Amino acid sequence: MLFFFTFLIALTMVHCAHYDYGEYDRTRDDFRPGTFPDGFIWSTATASYQIEGAWNVDGKGESIWDRFSHTPGKVDRGDTGDVACDSHNKYREDVQLMKAMGLKYYRFSLSWPRIFPDGTVAGGVNQAGVDYYNNVIDELLANGITPMVTLYHWDLPQALQDRYGGWVNEEIVEHYDNYATFAFQTFGDRVKYWLTFNEPMVLCSLGYTSGEHAPGIHDPTSVSGLSCGHTLLKAHARAWHTYNTTFRQLQGGKVGIALSLLWAEPRDPDLPADVSATDRAMQMINGWFAQPIFGDGDYPNVIKETVQKLKSQLTEVPEFTDEDKSLIHGSADFLGVNHYSSRITSDKPIDIQTQSVFESFQMTTAPEWPRGQSDWLFAVPWGLRRLLKYIKEHYGDPDVYITENGWSDGDVQPPVMEDTGRICYYMTYIDEVLKAIEEDQVKVRAYTAWSFMDNFEWTRGYTERFGLHYVNFTDSNRPRTPKQSASFYKDVIANNGFPKGAEVTRIVQDMWEQCRGSDTVKEEL
Ligand code: GBH
């Protein structure tokens, strides 16, 4: 009955929708069998605050996420990362599970306050924290898994927040650079892939504009958000130059940044207003960080216009000097792409006197796009291919590492172990990466599934599950169990994609038809 009802609604909505996806191409949703280039990197990812726990153990300092999650009302159900997946204790087990999947790479992040409790070198290094990361890295390498390390995945030392107000203050750049230098020096003999920051756009807009994330600053003028971004770009460039001049020759690694990039499609591609609204959205969301580093070295026009308007309110006007620009431009060995979803964009007229250009577009989704547990997560696999082509054309054809891509289920009983929604998501998105490589010659070098296991999903706590492994958060041992998607991804890794011919294609093709043709995904909603 419920199924029939859902089906009926789905049909009606598809029927009523008048969306047109631009140069719609009949082969857009076709399955393309094939394997990835030799040496293609298959990885999964996590982040320190989301998995480690041990928030106040062994000399670790408090982070802004400890403070934030301990503040009533900030996180659903009052969940915190105090224990999380307990990976501080269980990392060896995690590595064995990775090995069982045939994973050869693993992306994780360092907790800055675990290494420098008050964020500064002067405040002293916490040797127990250094030992922990040495152990994780050694354990990975001993099991044939290459570490990919994010220096900053949102858990700023609370002491730096208190002392400087966090990322709005440029004095923090020096401390970040010292921390990065220490990490390169200490772990760089074994770590060859670095990410300076995870998703600056998300951390500045949710942390310093809407206040939904730590440190919880609500500033609708955008001044704090823009200053945050400005500081981050400088900090990123500093760390890259440190590596480039001091460590590269000796260590031979690569340093990039993980940007959260969205694909936006005009609602009506024949309507110039929608097309330019889409362009503004892409500039603002993607170009804010991508353009200074990978594009022409400066902010996109939409950002510059906004800064001009805000100038009177700003103490420190975020504009780059020529020296800043030349330091930031080209300061990455690869572009890390965190991509999850797409949006349909249309123009929204604004009053230029009182409103910002940020409000000059409107985003929506199509009714036929399957939705994950997260309210923002819609599966639009072809959006990834278009985004990758856009990156190639607008951001200097860089080496691209997909550093995150994934799907959420709810925290339901019984848990979703036959996670068809996730398998369909991975399968279709991965195939779009293959198309981007083979048909559009985008230099994609890596694909990373978010996440290795269910974890602390920020303000959603443990209510949204992104893992290839199920974690039981009510059991003090935090047992992990592989979901069906783990064995699916294991096969993809073992086959280096979807090999042509023979049995494999038939099985994969059947799966594809199930994902594309039926209501498997919709039924899960
Ligand atoms: C990533 O953030 C994080 O790096 C990771 O830690 C996190 O667990 C994972 O994704 C899953 O959320 O589309 O306009 O409605 C992704 C954060 C959250 C950024 C949703 C964009 C929606 C804006 N994304 N947000 S919109």
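Colleague: Of the 15 residues around the ligand, which come nearest?

Modeller: This is a predicted model, and the ligand in it has 15 residues around it. Those that come nearest are Gln-50, Asn-198, Glu-404, Glu-457 and Trp-458.

Colleague: At what distance does an oxygen atom of the ligand lie from an N or O atom in the side chain of Gln-50?

Modeller: Gln-50 is one of the residues that come nearest to the ligand, and its side chain offers an N or O atom to a ligand oxygen. Polar pairs of this kind also involve the side chain of Glu-199, at 2.9 Å from an oxygen atom of the ligand, and a polar side-chain atom of Trp-450, at 3.2 Å from a ligand oxygen. For Gln-50 the distance is 2.8 Å.

Colleague: What share of the ligand's area does the protein bury?

Modeller: The reference is the ligand taken alone, which exposes 570 Å². Of that area the protein buries 77%.

Colleague: In what order do the 8 strands of the barrel follow one another?

Modeller: The 8 strands close into a barrel and their pairing is parallel, with a twist that averages 25° from one strand to the next. Within this barrel E2 and E3 are joined in the parallel sense over 3 bridges, and Ala-45 has Arg-107 in E3 as its bridge partner. The order is E2-E3-E4-E5-E6-E8-E11-E13.

Colleague: Over how many bridges do strand E3 and strand E4 pair?

Modeller: Strand E3 covers residues 105-109 and strand E4 residues 146-150, and the two run in the parallel sense. Among the facing residues, Phe-108 stands opposite Val-149 in E4, while Ser-109 stands opposite Thr-150 in E4. The pairing extends over 5 bridges.

Colleague: What angle does the direction of helix H6 make with that of E3?

Modeller: Helix H6, residues 127-142, packs on the sheet and touches E3 and E4. Helix H10, residues 223-251, also packs on the sheet, touching strand E5 and strand E6, with its direction at about 165° to that of E5. For H6 and E3 the angle is about 170°.

Colleague: Which residues of E3 point the other way from Tyr-105, Arg-107 and Ser-109?

Modeller: E3 is mostly covered, with 5 of its 5 residues buried, so burial does not separate the two faces, given that the residues pointing either way are all buried. With Tyr-105, Arg-107 and Ser-109 pointing one way, those that point the other way are Tyr-106 and Phe-108.

Colleague: Is Ser-43 buried or exposed?

Modeller: Ser-43 has its place in strand E2, residues 41-45. Beyond its neighbours up to four places away in sequence, Ser-43 touches Leu-103, Tyr-105, Tyr-106, Arg-107, Tyr-447, Thr-448, Ala-449 and Tyr-489. Because its relative accessible area is 0%, and the cut-off is under 20%, Ser-43 is buried.

Colleague: Which residue's backbone nitrogen does the side chain of Ser-63 reach?

Modeller: Ser-63 lies in the loop between helix H2 and helix H3, and at 1% relative accessibility it counts as buried. Leaving aside neighbours within four places in sequence, Ser-63 is in contact with Tyr-49, Pro-113, Asp-155, Leu-156, Pro-157 and Gln-158. The backbone nitrogen that its side chain reaches, at 3.1 Å, is that of Trp-65.

Colleague: Which strands stand at the edges of the open sheet?

Modeller: In this sheet 3 strands are arranged in the order E7-E9-E10 with mixed pairing. The strands in question each have a single partner strand, so one side of each is left without a neighbour in the sheet. They are strand E7 and strand E10.

Colleague: At what angle to E7 does helix H14 run?

Modeller: E7 is joined to strand E9 by 4 bridges and the two run parallel, with Ala-264 standing opposite Arg-343 in E9. Helix H11, residues 272-294, packs on this sheet and touches E7, E9 and E10, its direction making about 125° with that of E9. Helix H14, residues 381-394, lies across E7 and E9, and its angle to E7 is about 100°.

Colleague: What separates the C-alpha atoms of Asn-178 and Arg-238?

Modeller: Asn-178 is found in helix H8, residues 172-187, and counts as partly exposed at 28% relative accessibility. Arg-238 is 60 residues apart from Asn-178 along the chain, and the separation of their C-alpha atoms is 9.9 Å.

Methods. Residues numbered from 1 in each chain as written. Predicted model: local features only at pLDDT ≥ 70, side-chain atom pairs only at ≥ 80, totals over all residues. Heavy atoms only, no water. Buried < 20%, exposed > 50% of the residue type's maximum accessible area, 1.4 Å probe, protein only. Contact = heavy atoms within 4.5 Å. Pairing = 2+ DSSP bridges. Axes fitted to C-alpha atoms, helices over the stretch in contact; angles between N-to-C directions. Near = heavy atom within 4 Å. Polar contact = N/O pair within 3.5 Å; in protein donor to acceptor, adjacent residues only side chain to side chain. Areas by Shrake-Rupley, 256 points an atom, 1.4 Å probe, with all protein chains shown as cover.
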